[in-house]
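User: I'd like to learn how to read a protein model, one feature at a time. Could you walk me through this one?

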Amino acid sequence: MQFDLKQFLRTGRVPYTAALESDFSGWDWPGYEPAGPFTGEFRAVLDENGKAQLHLSVNAEVTAPCARCLEPASCSQSIERDWSVGPADLESDELELPISEKGVLDIDELIFQELVLEFPTVLLCSADCQGLCPVCGQPKAAGCSCCTAEAKMPAANKGLAILKELLSEDSH
């Protein structure tokens with residue numbers, strides 16, 4: 001969705017409101033995928049000083065394999081952001097909004113930028129996820145039968161077991 005902010009700053013006597021339902025399935029999300037369209041609202045109001053007061057609210061959900069057990073995991077996020085933009089701000093290089101040279105605000109890009117910073121970089125199916133069994137590779141929550149006391153020892157430690165035998169008092 002595009003919003004002509006430059007035009008709004010010149011002629012925006014009536015507040016602008018738009019319901020959002022954006023499909024971000026083709027976007028390059030870092031390790032996860034949108035669970036459906038993101039919904040929300042975008043508003044713009046011109047204040048008495050000639051500045052546009054912008055408000056964005058978005059609800060979103062993403063899915064990804066759990067970082068510990070690879071089972072499906074999801075995360076929901078709601079954000080609310082406000083900006084104040086005047087005509088002089090459009091000429092500034094310090095404005096942190098995705099505005100083109102013609103003064104058009106890319107609302108989809110703005111939503112992407114705000115949400116990618118809010119979603120966790122690692123998704124878990126639950127906070128107490130036990131991960132995968134180091135022996136059979138099955139999720140530990142499924143209760144794999146191969147996890148005996150000896151099998152629970154990581155493979156790296158098994159390779160060093162010979163050193164334990166060499167250093168034990170019984171081998172002297």
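Analyst: Happy to, and let's begin with a single arginine. Arg81 has 22% relative accessibility, so it counts as partly exposed. Keep in mind that this is a predicted model.

User: Where does the cut-off sit for that call, and what does the Arg81 side chain do?

Analyst: Buried means under 20% relative accessible area and exposed means over 50%, with partly exposed in between. As for partners, the side chains of Arg81 and Glu118 form a salt bridge, 2.7 Å from N to O. That pair ties together distant parts of the chain, as Arg81 sits in strand 6 and Glu118 in helix 2, 37 residues apart. Glu118 is partly exposed, with a relative accessible area of 34%. Salt bridges with shared partners join Arg81, Glu114 and Glu118 into one network.

User: How is Glu114 placed in that network?

Analyst: Glu114 and Arg81 meet through their side chains in a salt bridge of 2.8 Å, N to O. This pair also links distant parts of the chain, with Glu114 in helix 2 and Arg81 in strand 6, 33 residues apart. Helix 2 covers residues 107-118.

User: Is Glu114 buried or exposed?

Analyst: Take the number and hold it against the cut-off: buried is under 20%. Glu114 has 15% relative accessibility, so it counts as buried. If you skip neighbours within four places in sequence, Glu114 is in contact with Ile79, Arg81 and Trp83.

User: How many salt bridges are there?

Analyst: The count comes to three. Besides the network, there's one between the side chains of Arg43 and Glu41, at 3.1 Å from N to O. Arg43 counts as partly exposed at 33% relative accessibility. Glu41 is partly exposed too, with a relative accessible area of 26%.

User: Let me zoom out. How do I read the overall fold?

Analyst: Start by listing helices and strands, then follow their order. Here there are four helices and seven strands. Along the sequence the pattern reads β-α-β-β-β-β-β-β-α-α-α.

User: And how do I judge the chain as a whole?

Analyst: Look at burial, contacts and surface. Buried residues account for 31% of the 172 residues. Of the contacts between residues at least 6 apart in sequence, 60% join residues at least 24 apart. The protein exposes about 11,000 Å², and carbon and sulfur atoms supply 50% of that.

User: How do I read a strand pair?

Analyst: Check the direction, count the bridges, then look at what connects the strands. Strand 5 (residues 52-65) and strand 6 (residues 72-85) run antiparallel and are joined by 14 bridges. To get your bearings, find Glu61, which stands opposite Ser76 in strand 6. The two strands form a hairpin, with six residues between them.

User: What's worth checking in the loop of that hairpin?

Analyst: Backbone angles are a good place to look. Most residues other than glycine have a negative phi. Leu70 has a positive phi of about 70° although it is not a glycine. You'll find Leu70 in the loop between strand 5 and strand 6. With 58% relative accessibility, Leu70 counts as exposed.

User: How do I read aromatic side chains?

Analyst: Look for ring pairs, then ask how the planes are set. The count here is 13 aromatic pairs. Take Phe3 and Phe8: their ring centres are 5.4 Å apart and their planes lie at 50°, so the pair is tilted. Planes under 30 degrees apart would count as stacked, and over 60 as edge-to-face. Both Phe3 and Phe8 are buried.

User: Which residues do ring pairs link into a cluster?

Analyst: They are Phe24, Trp27, Trp29, Tyr32, Phe38, Phe112 and Phe119. Try colouring them in your viewer.

User: Last one: how do I look for nonpolar residues on the surface?

Analyst: Search for nonpolar side chains that are accessible and sit together. Here, Leu160, Ile162, Leu163, Leu166 and Leu167 form a nonpolar surface patch, with about 530 Å² of accessible area together. One of them, Leu167, is in helix 4 (residues 161-167). At 69% relative accessibility, Leu167 counts as exposed.

Note on methods: Residues are numbered from 1 along each chain as its sequence is written. This is a predicted model: local features need pLDDT of at least 70, side-chain atom pairs count only at pLDDT 80 or more; totals for chains, interfaces and linings use all residues. Side-chain values use heavy atoms; hydrogens and water are left out. Rings of Phe, Tyr and Trp (its six-membered ring) pair if their centres lie within 6.5 Å; planes under 30 degrees apart count as stacked, over 60 as edge-to-face and the rest as tilted. Buried means under 20% relative accessible area, exposed over 50%, partly exposed in between (1.4 Å probe, protein chains only). Contact means heavy atoms within 4.5 Å. Accessible areas come from the Shrake-Rupley method with a 1.4 Å probe; for residues, only the protein chains shown count as cover. Two strands pair if DSSP finds at least two bridges between them. Patches are made of residues with over 30% relative accessible area and no salt bridge: like charges are joined within 9 Å, nonpolar side chains (Val, Leu, Ile, Met, Phe, Trp, Tyr) within 5 Å. A salt bridge is a side-chain nitrogen of Lys or Arg within 4 Å of a carboxyl oxygen of Asp or Glu.
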